[in-house]
Amino acid sequence: MVTPPAPRPRPAPPRAVPAPPDRRPAGCPLSRTELLVLAAAAAGETSADAAARLCLSYETVRTARRRARARLGARTPEHAIALAVAAGWITAGSAR
């Protein structure tokens, strides 16, 4: 008598990544995503690294950086980071 093969274990369902709480400072014109992306840039992450860590597409990260820069009236991405740090919305090296 042939024994039937053992049933294969089912793969675990993918774990949902909880969204961070909305902790936008009062008076901050930036969205939560824009703040997260600027904080990642302040910590020295590339757009690709930030996209992977935040579970966003590369284009979403680039768009968030561009919109943050426009909303703050910054001349460069570094200027946008400096303005956000000076306002107290992010801290340098705060991405992780």
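**Salt bridges, helix packing and cores**

Arg 62 comes out as partly exposed, with a relative accessible area of 42%. That value, like everything below, is taken from a predicted model. The partner of Arg 62 is Glu 59, and the closest N and O atoms of this salt bridge are 3.5 Å apart. Glu 59 is likewise partly exposed, at 45% relative accessibility. Both residues sit in helix H3, three residues apart, which is about one turn of the helix.

This pair belongs to a total of three salt bridges. Another links Glu 34 to Arg 71, with 3.3 Å between the closest N and O atoms. Here the partners come from separate helices, Glu 34 from H1 and Arg 71 from H3, so the bridge ties together parts that are 37 residues apart in sequence. Their surroundings are not alike: Glu 34 is buried, with a relative accessible area of 3%, whereas Arg 71 is partly exposed at 47%. Then there is the bridge between Arg 53 and Glu 45, where the closest N and O atoms are 2.9 Å apart. In this pair, too, the acidic partner is the buried one, as Glu 45 has 6% relative accessibility and Arg 53, at 35%, counts as partly exposed.

Stepping back to the overall fold, the protein has four helices and zero strands, so to speak an α-α-α-α run from the N terminus on. Of its 96 residues, 25% count as buried. Among contacts with a separation of 6 or more, 51% join residues that are 24 or more positions apart. The protein exposes about 7,000 Å², and carbon and sulfur atoms supply 56% of that area.

Helix H1 (residues 32–42) deserves a paragraph of its own. Its buried residues are Glu 34, Leu 35, Val 37, Leu 38, Ala 39, Ala 40 and Ala 41. These pack against H2 (47–54), H3 (58–72) and H4 (77–87). After H1 comes Gly 44, which has a positive phi, near 90 degrees.

What about the nonpolar interior? The largest nonpolar core has 13 residues, and those with the most contacts inside it are Leu 30, Leu 35, Leu 38, Leu 72, Ala 80, Ile 81 and Ile 90. Two or more residues of this core come from each of H1, H3 and H4, and H1 gives the most, with four. A second, separate core holds seven residues, including Val 37, Leu 54, Val 61 and Ala 64. Back in the largest core, Leu 35 touches Arg 24, Pro 25, Cys 28, Leu 30, Trp 89 and Ile 90, leaving aside residues up to four places away in sequence.

Cys 28, one of the residues touched by Leu 35, is buried at 6% relative accessible area. Cys 55, by contrast, counts as exposed, at 56% relative accessibility. The number of disulfides comes to zero.

Note on methods
Residues are numbered from 1 along each chain as its sequence is written. This is a predicted model: local features need pLDDT of at least 70, side-chain atom pairs count only at pLDDT 80 or more; totals for chains, interfaces and linings use all residues. Side-chain values use heavy atoms; hydrogens and water are left out. Buried means under 20% relative accessible area, exposed over 50%, partly exposed in between (1.4 Å probe, protein chains only). Contact means heavy atoms within 4.5 Å. A disulfide is a pair of cysteine sulfur atoms within 2.5 Å. A nonpolar core is a set of buried Ala, Val, Leu, Ile, Met, Phe, Trp, Tyr and Cys residues joined through side-chain atoms within 4.5 Å. Accessible areas come from the Shrake-Rupley method with a 1.4 Å probe; for residues, only the protein chains shown count as cover. A salt bridge is a side-chain nitrogen of Lys or Arg within 4 Å of a carboxyl oxygen of Asp or Glu.
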